[in-house]
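Biologist: Here is a predicted model that I would like to go through with you. Could we take its internal spaces, and after them one of its sheets?

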Amino acid sequence: MEQLVEIRNLALDLMWTWEPRIQRLFQALDAGIWDETSHNPMAVLRALGETGLREALQRTDVSIALSTALEARREYRESRPPRDPGKGQIAYFSLEFGLTDCLPIYSGGLGVLAADHLKAASDLNLPLVAVGLFYRQGFGRQRINEAGDQVEQYAFNHPELLPLEIVRVDGDPLQISVPVGDEDAHVKIWKVQVGNVPLFLLDTAIESNPPHLRAICDRLYVPEADRRLRQEIVLGIGGIRALRAMGIEPAVCHLNEGHSFLAAMELSRDAVKNRRDGLALALREAPAGVVFTTHTPVAAGSDYFPADLVGELLGRYLEDLGVAVDEFNDLGRFHPGDADEMLCTTVVALREADRVVGVSKLHGAVSRRLWRGAWSGLDESEVPIGAITNGVHMPTWVAPIVAGLLARYVDRRWFDLDPDDPAWERVNEIPDKDLWQAHETLRHRLVVLAQVRSNSVGMMRRDILTIGFSRRFAQYKRANLLLRDPERLRRLVSTRGAEVQVIFSGKAHPADGGGKAILNDIVGFTRNEPRISFLEDYNMDLARILVQGADVWLNNPRRLLEASGTSGMKAGANGVLNLSVNDGWWDEGFSPRIGWAILSDADLDSPDADDEGDAEQLYRILEEEVVPAFYERDDEGLPRRWVAMMRRSIRDTVTRFSARRMVLDYEHELYQPLATARPRRARKPRDRKIGLAG
């Protein structure tokens with residue numbers, strides 16, 4: 001039955017993660033299963049079975065929803081710009097991708113950023129493919145125990161219940177092998193279709209592998225160095241081998257963080273084997289250009305591997321290339337020849353890459369200071385690290401009710417407009433009442449969720465100023481800064497006629513004891529203050545409700561330690577006003593027309609943050625500026641000044657901090673120049689049929 005095939009194809013294309021018209025099809029099939037399975041269309045289809053699907057298709061609502069979904073997919077494909085056959089293929093490597101909660105192969109911001117990169121590349125129809133790992137258990141789900149401590153729980157990812165397919169060659173599953181120490185790990189490949197972009201996930205859970213190799217891809221961000229290096233061997237070396245086995249020879253290889261540092265080595269294997277000069281120069285002779293995006297603002301955020309571990313796990317591979325282990329270790333050292341210095345993956349990637357960028361203008365400057373030692377003899381101003389500020393995929397993160405207003409008043413395809421398009425002037429035509437009512441609907445949804453999850457029924461209110469704070473609970477993010485003066489905070493939230501409520505959510509890394517301690521402090525505080533809540537098991541669905549429904553988005557890291565931060569962009573695009581330290585994206589995005597800034601004195605020459613001074617600013621801004629502005633109403637009960645800031649926030653954030661703008665920057669500044677300057681070497685076409693099967 002053709003309709004069954006069409007429904008399965010819609011389920012396998014993650015375009016549904018940002019297209020409400022396709023989501024409504026799976027909700028129409030069975031709304032209960034849709035919600036119970038973290039909005040997983042493949043699980044819906046499996047639960048209904050062929051008989052259930054045939055019965056559902058007899059219903060008028062399902063038939064209409066299917067037609068609407070198919071029309072949405074057709075419209076998307078036909079409206080995308082045609083591919084330029086002269087542009088070379090781009091291969092994008094990342095250790096994690098946060099595409100959707102029902103495919104839990106991500107931990108946080110890095111993965112969500114990578115996923116938004118793919119979605120925007122699909123929108124722009126770029127010739128991009130992506131490579132990652134398929135984790136059988138992913139990143140731990142969060143539970144809070146009676147003591148207020150975070151406990152991780154790991155669920156098994158069953159491929160048959162996920163929106164992915166196995167890659168086949170001539171009908172058989174494609175497998176490659178990757179050298180891991182003295183053994184070869186066999187790797188199979190899954191494909192996830194993200195609109196126009198294929199994502200290939202490497203998987204070592206194969207019966208032919210011994211148990212220790214089979215478990216390489218079990219969990220994300222394992223703490224043991226040997227397990228992490230094994231994963232990075234599979235990602236980098238295995239990723240290039242997988243692409244070549246499928247006949248894909250990239251013109252540009254984009255490393256999203258240093259985890260995929262070995263991809264450049266595998267790309268360059270012929271040049272390395274036949275080199276006449278040093279290893280670093282041979283790597284520049286690869287048949288593809290290499291782009292490296294560094295995300296960390298601190299050296300400790302990179303991966304470091306001891307020299308003996310590098311020799312143990314990479315020695316045989318390096319010997320095949322004619323590279324001595326010591327020579328390779330030196331590629332990742334600030335001080336070549338120092339046997340006690342560990343290999344830093346970021347340093348290797350910096351030296352391999354043709355172009356390096358940070359993820360905000362400020363982070364570019366921080367990176368030039370942080371990594372200047374990788375280029376001996378260069379002044380800091382000469383360090384070749386630029387910046388492309390991150391962005392977020394607006395169709396994924398802007399609430400449908402807000403998107404509907406933009407479609408009505410600005411343009412039906414508002415998310416495809418250039419920043420200087422005159423249509424953006426029409427955002428001022430959105431009536432105050434309509435924009436405020438839309439936002440109140442989103443706040444109500446958030447508060448209802450908070451009431452249920454935090455057992456604060458009757459205390460969390462739908463009509464008072466709501467502050468949101470959700471992100472990874474790293475120590476530098478200072479999630480507990482607002483708790484620095486508990487009595488002042490209690491007065492703030494309980495002032496009659498100007499009440500405030502705060503909703504926290506987020507996870508600490510399983511190995512981050514300091515972050516877990518901060519989380520415990522906050523959970524303990526919320527148990528004694530009903531106007532402050534903590535929502536456990538932070539994920540993408542919860543993040544979406546938070547960034548759409550809060551009135552104010554709070555972000556108060558120690559300055560210079562937030563490389564970019566994208567949650568504030570998601571909030572700002574929904575008309576949520578930001579209150580943040582002038583770090584990362586907010587350092588360039590702040591305007592008093594769209595929010596407030598905690599102006600830290602920390603800079604490159606004096607990086608120490610003043611926690612007490614920043615907390616004092618935070619309290620003062622809330623008490624003297626934020627709360628009065630929110631409760632300032634006209635005769636119709638509308639906060640006109642606040643709504644004007646919301647409208648400006650939407651326009652500024654959508655136009656300046658979208659993933660569309662980010663990917664266009666990468667294309668124009670990096671991908672195109674490198675593809676043009678470094679044409680790929682011709683390879684004989686493979687006389688094999690590459691196919692997919694579930």
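Biologist: Which residues line the largest cavity?

Modeller: In this predicted model, the largest cavity holds about 50 Å³ of space, and α6 (109-123), α16 (394-397) and α26 (659-677) each supply at least two residues of its lining. By class, that lining has six nonpolar, two polar and two charged residues. The lining residues are A120, D123, V392, H393, M394, P395, F415, S658, A659 and R660.

Biologist: How many charged residues does the lining of the second largest cavity have?

Modeller: The second largest cavity, with a volume of about 30 Å³, has among its lining residues Y92, H117, H254, N256 and Y666. Here α6, β10 (252-256) and α26 each supply at least two residues. The lining divides into five nonpolar and six polar residues, and the charged ones number no residues, that is, none.

Biologist: Turning to the open sheet of six strands, which strands stand at the edges?

Modeller: The strand order is β18-β17-β16-β19-β20-β21, with parallel pairing. Two of these strands have a single partner each, so one side of each is left without a neighbour in the sheet, and these are β18 (532-535) and β21 (595-598).

Biologist: What angle does the direction of helix α25 make with that of β20?

Modeller: Strand β20 (residues 577-581) pairs with β19 (residues 552-555) in the parallel sense over four bridges, and V552 stands opposite L577 in β20. Helix α25 (residues 640-656) packs on the sheet, touching β16, β19, β20 and β21, and the angle between its direction and that of β20 is about 75°.

Conventions
Residues numbered from 1 in each chain as written. Predicted model: local features only at pLDDT ≥ 70, side-chain atom pairs only at ≥ 80, totals over all residues. Heavy atoms only, no water. Pairing = 2+ DSSP bridges. Contact = heavy atoms within 4.5 Å. Axes fitted to C-alpha atoms, helices over the stretch in contact; angles between N-to-C directions. 1 Å grid on protein atoms, 1.4 Å probe; cavity = no way out; pocket = protein on both sides within 12 Å on 5 of 7 lines; lining within 4 Å. Points joined across faces, edges and corners; volume = space filled by probe spheres on them. Nonpolar A, V, L, I, M, F, W, Y, C, P; charged D, E, K, R; others polar.
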